[in-house]
Amino acid sequence: MESFTRELTREEQEQMIDKIATEVLKRRLETVAIMFLESIKPMTYIGSQLAIVFVGPFLGVFGDFGINYIKFFENRQNVEKLLQKIEEQTEMRDEDEKKAKEDGKAISKTYNLRLTLLPGFLLRQEVTKSGESTGMIGIAGKESAGGGFIAISFEKTESSPSGLASAVSDQLRKEETQQALTLSTDTLLREIEKKEDMKIRGHKTSMIAYEWLDPTGQKGRVECYGFWCNKAQRLLFLGMRTRPLKGDKTEKDHIKDLRAILGSLKCH
Ligand SMILES: [Zn+2]
């Protein structure tokens, strides 16, 4: 009952604004939320009791924030700030989406392959290059999109390499790949999984997964795929490196996002 009577600290209010805004955007409820918040704004003057009646059921959507939201919505400033936050983040997300689409288009134009970037994932010009028969695409996830790095490279070859898995680990050790995945020389890679000679959409594929461990003790996951495209006569390398992992729930989505980008690749 404490939170019924206690004023929220400034920090708690900020946390609440962040949490609610994030949930609203995740569920793409920004239009509904903005309309709703605008409509309760005058009510917070009249009396918070009335607002609670409206706010309560609406917040059910956002999961469990405890009883604190009553105090939160009693404060008109909070409602204003939340509105602002949702509007800002919506604008940012729309820009991210636009940029991801543009970068995706630029990739298909230059490299003759298709890749769908998620919002918040951007081409890194400094590591991306295209040659006649080889190329490297470096992609980074913004912090707001969960972070992480992706490297996709290819080379023209006339036949499938005899050992696809060793081609994968060779490519991972190349400087350009290390740069694209921002792996420094003092980051240790420990192999944790290997799958050889799978078939993905008719392509011969091998996968190696590693745990990365840097000198500061941070660790995460690196996943690399070697892909032989018979139609385009190209050997493709797809690699991803997660942000530092601590074992919390959101990390599953992070890994899924990186895999989704790799999985969106259409090579011919
Ligand atoms: Zn192909």
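## A walk from α7 to α10

Start by selecting asparagine 112: this residue follows α7 and has a positive phi, near 60°. Keep in mind as you click around that the model is predicted.

Now step back along the chain and highlight helix α7 itself, residues 76-111. Put a distance marker between its end C-alpha atoms and you should get 52 Å; at 1.5 Å a residue, 36 residues should span 52 Å, so the two agree. To see which parts of α7 are buried, colour Asn78, Val79, Leu82, Ile86, Ala100 and Ile107.

Next stop: threonine 242. Look for this residue in the loop that links β8 (234-241) to α10 (250-263). Is threonine 242 buried or exposed? Buried, because 22 other C-beta atoms lie within 10 Å, and 20 or more is the cut-off. Leaving out neighbours within four places in sequence, show the contacts of threonine 242: Gly148, Gly220, Arg221, His254, Ile255 and Leu258. Pick leucine 258 from that set and check C-alpha to C-alpha: 7.8 Å from threonine 242, with their positions 16 residues apart along the chain.

That leads you to α10. Its 14 residues should span 20 Å at 1.5 Å a residue, and its end C-alpha atoms are 20 Å apart, so this helix agrees too. Select its buried residues, His254, Leu258 and Ile261. They sit on the same side of α10, because they cover an arc of only 60° around the axis. Over that buried set, turn on β1 (121-123), β3 (134-141), β4 (149-156) and β8, which are among what covers it.

Last, rotate to the face turned away from the buried side: the exposed residues there are Lys252, Asp253, Lys256 and Gly263.

Note on methods
Residues numbered from 1 in each chain as written. Predicted model: local features only at pLDDT ≥ 70, side-chain atom pairs only at ≥ 80, totals over all residues. Helix = DSSP H or I, 4+ residues; strand = E, 2+ residues; numbered from the N terminus. Buried ≥ 20, exposed ≤ 12 C-beta atoms within 10 Å, placed from the backbone. Contact = placed C-beta atoms within 7 Å. Expected span 1.5 Å × (residues − 1). Arc of directions from axis to C-beta.
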